[in-house]
Amino acid sequence: MLQDSLRQRQDEEVMACQHEQLLSTQLVGESAAIVQLRQQIRQAASHRLSVLTLGETGCGKEVVARLIHLCSARADKPFVAINCAAIPEDLIESELFGYQKGAFSGAASNKSGLVAQAHGGTLFLDEVGDMPLTMQAKLLRVLETRYFRPLGGDKECYSDFRLVAATHQPLSQWVAEGRFRADLYHRLCQSLLRIPPLRERMEDIQPLCHHFWS
């Protein structure tokens with residue numbers, strides 16, 4: 001038992017070193033904000049709570065989401081991403097939940113949705129603030145139960161996925177204005193990460209330049 005315990009401790013130390021190296025190479029910078037963000041990513045990777053990342057367009061929200069996945073126990077499972085702002089409102093449900101043959105005109109065969117594809121891994125909803133209100137209600141139920149129904153399907157399917165979402169929208173303000181569901185907002189931000197823009201961490205410009213042009 002002692003040997004097993006020591007071996008487990010050694011494996012954990014090796015894994016921690018690998019994660020530290022991954023974070024330092026993928027999340028470049030030495031500012032206090034970036035050091036804190038790395039620590040928050042390690043913490044988020046250690047639990048199963050949903051994570052909401054906030055930040056301006058181009059600040060690296062998907063990079064952070066992938067790092068949470070790669071530093072977690074789900075690292076060897078799929079990382080499935082969708083940009084909610086880039087999918088038309090009438091197609092986003094079929095993209096997420098899939099469909100059965102004959103569910104609508106042009107559905108010539110069954111299609112697995114992204115929720116099903118993320119089974120065992122991580123589902124990343126980028127720009128979740130742009131998700132239509134009707135879809136928000138359906139997403140909320142899936143987050144509560146992990147069960148979903150493909151379009152045209154006659155039974156529900158289960159998917160064990162971990163959710164990471166991102167937005168540049170002021171969701172708390174939108175909740176107050178009725179533009180985003182309050183219950184979904186609270187379900188999404190069980191763990192909240194804010195990614196600071198580069199103008200708030202000017203000391204990271206030099207290491208970033210060295211990283212991209214070395």
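Of the 214 residues in the chain of this predicted model, 42% count as buried. The chain holds nine helices and nine strands. Its C-alpha trace spans about 50 × 50 × 35 Å along the principal axes. The accessible surface comes to about 11900 Å², and carbon and sulfur atoms account for 52% of that area. Among contacts between residues at least 6 apart in sequence, 71% join residues at least 24 apart.

The interior can be taken up through its nonpolar cores. The largest nonpolar core has 30 residues, of which Leu96, Leu123, Leu125 and Met131 touch the most other members. At least two residues of this core come from each of strand 2 (79–83), helix 4 (92–97), helix 5 (114–117), strand 5 (122–126), helix 6 (133–145), strand 8 (162–167), helix 7 (171–177) and helix 8 (182–188). Helix 6 gives the most to this core, namely five residues. Another core, of 20 residues, lies apart from it and includes Leu23, Leu27, Cys59 and Leu193.

Leucine 96 shows the surroundings of one member of the largest core. With its neighbours within four places in sequence left aside, leucine 96 is in contact with Ile82, Gly113, Leu114, Val115, Leu125, Met131 and Met135. Leu125 and Met131 are, like Leu96, among the residues that touch the most other members of the core.

Next comes the largest pocket, with a volume of about 330 Å³. Its lining has 18 residues, and the closest to the pocket centre are Leu27, Cys59, Gly60, Arg201 and Leu208. Leu27 and Cys59 also belong to the core of 20 residues. By type, the lining divides into 12 nonpolar residues, five polar and one charged. Helix 1 (2–26), helix 2 (32–45), helix 3 (61–70) and helix 9 each supply at least two residues of the lining. The largest share, three residues, comes from helix 9.

Two loops that adjoin these helices meet in space. Glycine 29 is in the loop between helix 1 and helix 2; aspartate 204 is in the loop between strand 9 (191–194) and helix 9 (205–213). Glycine 29 counts as buried because its relative accessibility is 3%, under the 20% cut-off. Aspartate 204 is at 0% and therefore counts as buried too. Residues up to four places away in sequence not counted, aspartate 204 touches Gly29, Glu30, Ser31, Ile34 and Leu198. On the same basis, glycine 29 touches Ile34, Arg38, Asp204 and Pro207. Ile34 thus appears in the contacts of aspartate 204 and in those of glycine 29. The C-alpha atoms of glycine 29 and glutamate 203 are 7.8 Å apart, although 174 residues separate the two in sequence.

Backbone geometry singles out two further loop residues. Most residues other than glycine have a negative phi. Glutamate 127, although not a glycine, has a positive phi of about 50°. Glutamate 127 lies in the loop between strand 5 and helix 6, and its relative accessible area of 9% is why it counts as buried. Arginine 146 also has a positive phi, near 65°, and is not a glycine. This arginine is found in the loop between helix 6 and strand 6 (147–148). Arginine 146 is buried because its relative accessible area is 16%.

Notes
Residues are numbered from 1 along each chain as its sequence is written. This is a predicted model: local features need pLDDT of at least 70, side-chain atom pairs count only at pLDDT 80 or more; totals for chains, interfaces and linings use all residues. Side-chain values use heavy atoms; hydrogens and water are left out. Helices (H or I, at least four residues) and strands (E, at least two) are DSSP runs, numbered from the N terminus. Buried means under 20% relative accessible area, exposed over 50%, partly exposed in between (1.4 Å probe, protein chains only). Contact means heavy atoms within 4.5 Å. On a 1 Å grid over the protein atoms alone, a cavity is a set of points where a 1.4 Å probe fits but cannot get out, and a pocket is an open set with protein on both sides within 12 Å along at least five of seven lines; lining residues have an atom within 4 Å of a point. Grid points are joined across faces, edges and corners, and a volume is the space filled by probe spheres set on the points. Ala, Val, Leu, Ile, Met, Phe, Trp, Tyr, Cys and Pro count as nonpolar, Asp, Glu, Lys and Arg as charged, and the others, Gly among them, as polar. A nonpolar core is a set of buried Ala, Val, Leu, Ile, Met, Phe, Trp, Tyr and Cys residues joined through side-chain atoms within 4.5 Å. Accessible areas come from the Shrake-Rupley method with a 1.4 Å probe; for residues, only the protein chains shown count as cover.
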